[in-house]
Every structure is written in structure tokens, then in C-alpha cells.
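Got your viewer open? Keep the selection box handy, and we'll walk through this one stop at a time.

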Amino acid sequence: MTKLMKALVGATSLVALSVGVASAQEGGQWCSGVDITLFSGGPAGGAFNSIIDRGAMQAAADTGANVQIVYSDWDFDKMITQLRDMIGQQPDAIAMMGHPGDSAIMPLAEQADAAGIKMMYMNVDVPEVRAAFGSGYVGATLYAQGVALGQETLRMAGDAVQPGDTAIVMSRWESENRAQRELGLVDVLEEAGMSVIKLQEAEGASADQMLQLPLLTATLLSNPNTKIIGYPGGPWLSAAPAFMQAIGKNPDDIIAVGFDLGQGVMSAFEGGYVMVTADQQPYQQGYLPVLSLCQQIVYKLGPLNVDTGAGFVTADNYQDVVSLAEAGIR
């Protein structure tokens with residue numbers, strides 16, 4: 001074949017590829033035939049992870065990918081068992097919650113890589129795993145988000161908080177990766193001279209927050225000078241009114257701050273029980289991993305790395321996003 005003929009064949013191939021890509025994009029099914037398993041984190045219908053689900057399903061509709069959602073009830077051990085099972089089912093790609101941490105995920109990420117399964121991580125970063133296998137991450141930069149929340153909390157609280165006052169910050173402290181954002185909040189409050197109690201989440205309370213009530217009540221009774229409670233997520237902030245009412249506190253007796261949005265958080269804002277929350281936009285955490293995995297598989301593009309920690313919703317501006325929360329987007 002002459003150089004001219006080779007050039008003509010190459011040009012024809014490029015034209016055919018361009019036409020094919022354009023046709024697929026116009027039809028909205030450019031990722032059809034690609035099977036993606038996405039870990040939603042919490043229970044089916046959970047206040048926070050249902051927003052992730054909506055993002056993932058919108059991405060599936062926009063790309064044509066076949067997306068299967070896995071629910072884990074925020075049980076880290078269950079996530080690992082499910083991940084092992086999903087790898088055995090050989091999907092094309094997996095969007096995985098990083099909550100179990102680098103050490104727990106690493107051997108399974110190695111198995112997925114050997115099997116040719118693309119992986120993205122969401123909500124909680126696993127930097128060691130991503131460095132080893134070149135995977136992407138969609139979620140907040142957790143420690144930095146916690147620091148920013150602490151700074152905004154102190155700014156908004158003003159003279160209501162003084163050095164020597166007590167704060168309670170709840171988290172899954174046993175998970176180093178997961179607890180980074182609460183740790184950032186703790187560090188800022190301690191630097192301001194507050195005494196911070198790092199309160200462990202009760203067993204099962206990630207899915208049913210009222211299981212935390214006995215431990216929280218006992219801690220507050222032992223520390224009557226508590227001025228701030230830092231909650232570790234949207235469902236927790238949604239439960240703040242119930243917590244305060246159960247222990248006989250008025251909305252403005254203790255400042256409630258935390259992370260994430262949702263309809264329940266909007267109600268807590270309306271009742272005066274929450275001062276500020278840091279939004280991490282879980283809709284994007286559902287949508288963008290599906291989009292990125294499709295791009296990696298179909299277009300051979302590199303993975304996305306997106307910080308979804310957008311900023312703050314406060315008692316002063318929450319009404320701007322109420323309709324979006326009701327729609328399950330914020």
C-alpha cells in the first residue's frame with residue numbers, strides 16, 4: 001500500500017470515527033453496553049445517599065450506561081464484602097465509596113486492576129489506592145472542608161463562643177480516611193482554645209441516628225458548658241431537633257454545625273436548630289463517577305478528580321436551596 005493510500009485510509013477511518021462519536025452523542029447513548037456498579041454508601045432511600053442515587057441515574061440516562069446501585073447501610077465491613085462480590089461479577093467499572101480506607105480497599109483494588117475493571121472513588125478519598133492504580137476521586141477534600149467549617153463556625157458564632165468552652169464533635173473516629181473532615185473541625189476549635197470531646201458514633205447510628213441519643217445525652221449532662229455540637233452528616237443534622245428536644249434544649253442553647261444538606265436539614269434550619277453546614281454536593285458524587293468511567297472506557301480519557309466541597313449553607317441563606325433539596329438534588 002502506498003503512502004497516499006495509507007493516508008486516505010487513515011483519513012477515512014478518522015472521519016468514520018468522528019461520525020460514529022457524533023451519532024452516539026446525539027443519541028445520548030454513547031456509553032451503552034457499559035456496565036457500572038456504583039456504591040451508594042447508605043441504605044436504599046437514605047436521606048444523603050438518595051441524592052447520590054439521583055445523580056447516578058441521571059448520568060445513566062445521559063450516557064446510556066447500565067448502572068447498578070449497591071446499598072451498604074454505611075457499614076464499612078459490608079462495603080468490603082460487597083466490593084469483593086462485585087469484582088467477582090466482572091462489571092466494566094466500579095464507583096466505590098472510600099470509607100473502609102486505603103488498607104482495606106488496596107488488595108481488592110489490585111484484583112480489580114488485574115481483571116481490567118476501571119475504578120473511581122467517591123465521598124471519602126483513598127489517596128494511597130489511587131496513587132497505586134491511577135484512579136480518580138469525586139468528593140470533598142475532607143480535612144480542608146472540616147477546617148473551613150471550623151473557621152466559618154467561629155466567625156458566625158462570634159462572642160457566643162469563648163476559649164474554655166466545650167464542643168462535641170461526632171465521627172467514626174476509628175476510620176482515619178472517613179474522619180478527616182471532622183478532624184479538621186476539631187483542630188480549628190482546639191486552636192481557638194475550646195475543649196473538644198471527640199464522641200464516637202454509636203454502633204448502627206450511621207443508619208439510625210437516634211441510637212446515638214443515650215451517649216450524646218450522657219456526654220451533655222457531664223459537660224454542661226457545651227456550646228457547639230459538630231454533626232458528621234446530613235442525616236445527623238436532620239436529627240438535631242429531635243436530639244435537642246429529647247434533652248430539653250431550646251434551638252439556640254447549643255450551636256449545631258456539620259456537613260451536607262437534604263430536606264431534613266432544611267427543616268432543622270427552619271426550626272433554628274442549625275447554624276451552618278458545609279455542602280459537598282452528593283449529586284455530583286453520583287453523576288461524575290459514572291461520566292468519568294464512561295469516558296475512560298469509551299474515549300480512553302484519564303479519570304476525573306473533582307473537589308465537590310462547594311461552600312456553606314447557613315441559617316441566613318438556606319432558603320435559596322430549599323426547592324433543590326425538595327427535588328433531591330441538594
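Is Tyr 299 buried, partly exposed or exposed? Select Tyr 299 and turn on the surface: Tyr 299 is partly exposed, with a relative accessible area of 26%. One thing to keep in mind as we go: this is a predicted model.

**Step back for the overview**

Zoom out until the whole protein fits on screen. The C-alpha trace spans about 85 × 40 × 35 Å along its principal axes. Colour by secondary structure and you'll find 12 helices and 12 strands. Of the 330 residues, 50% are buried. Now think about contacts between residues at least 6 apart in sequence: 73% of them join residues at least 24 apart.

**Back to Tyr 299 and its partner**

Add Trp 30 to your selection. The structure holds 5 aromatic pairs, and here is one of them: Trp 30 and Tyr 299 are stacked, with 4.9 Å from centre to centre and 5° between the planes. The two rings come from distant parts of the chain, 269 residues apart. Trp 30 is in the loop between helix 1 (3-27) and strand 1 (35-39), while Tyr 299 is in the loop between helix 11 (282-298) and strand 11 (305-307). Trp 30 is buried, at a relative accessible area of 15%.

Next, select Phe 48 and Trp 74. Their ring centres are 6.1 Å apart and their planes meet at 45°, so this pair counts as tilted. It also links distant parts of the chain: Phe 48 sits in the loop between strand 1 and helix 2 (49-63), Trp 74 in the loop between strand 2 (66-70) and helix 3 (76-88). Both Phe 48 and Trp 74 are buried.

**Into the cores**

Select Ile 36, Leu 38, Ile 94, Met 96 and Tyr 121. These have the most contacts inside the largest nonpolar core, which has 48 residues. Helix 3 gives the largest share of this core, 6 residues. Which residues does Ile 36 touch, leaving aside neighbours within four places in sequence? Show them around Ile 36: Ala 65, Asn 66, Val 67, Gln 68, Ala 93, Val 290, Leu 293 and Cys 294.

Apart from the largest core lies another one, of 28 residues, including Ile 168, Tyr 231, Trp 236 and Ile 254. Keep Tyr 231 and Trp 236 selected and add Phe 243: ring pairs link Tyr 231, Trp 236 and Phe 243 into a cluster.

**Along the sheet**

Switch to cartoon view and look for an open sheet of 6 strands, in the order 7-6-8-9-10-12, with mixed pairing. At its edges are strand 7 (195-200) and strand 12 (311-314), each pairing on one side only. From one strand to the next, the twist averages 20°. Zoom in on strand 6 (residues 166-171) and strand 8 (residues 226-230), which pair in the parallel sense over 4 bridges. Ala 167 stands opposite Ile 228 in strand 8.

**Charges over rings**

Two more selections here. Select Arg 172 with Phe 76: Arg 172 lies over the face of the ring, 3.9 Å from the ring centre. Then try Lys 198 with Trp 173, where the charged end of Lys 198 sits over the ring, 4.7 Å from its centre.

**Last stop**

Finish at Lys 249, in the loop between helix 9 (234-246) and strand 9 (255-259). Lys 249 is partly exposed, with a relative accessible area of 32%. Not counting residues up to four places away in sequence, Lys 249 touches Met 244 and Ile 254.

Key
Residues numbered from 1 in each chain as written. Predicted model: local features only at pLDDT ≥ 70, side-chain atom pairs only at ≥ 80, totals over all residues. Heavy atoms only, no water. Pairing = 2+ DSSP bridges. Helix = DSSP H or I, 4+ residues; strand = E, 2+ residues; numbered from the N terminus. Axes fitted to C-alpha atoms, helices over the stretch in contact; angles between N-to-C directions. Phe/Tyr/Trp six-rings, centres within 6.5 Å; stacked < 30°, edge-to-face > 60°. Buried < 20%, exposed > 50% of the residue type's maximum accessible area, 1.4 Å probe, protein only. Lys NZ or Arg CZ within 6 Å of the ring centre and 35° of its normal. Core = buried A, V, L, I, M, F, W, Y, C linked by side-chain atoms within 4.5 Å. Contact = heavy atoms within 4.5 Å.
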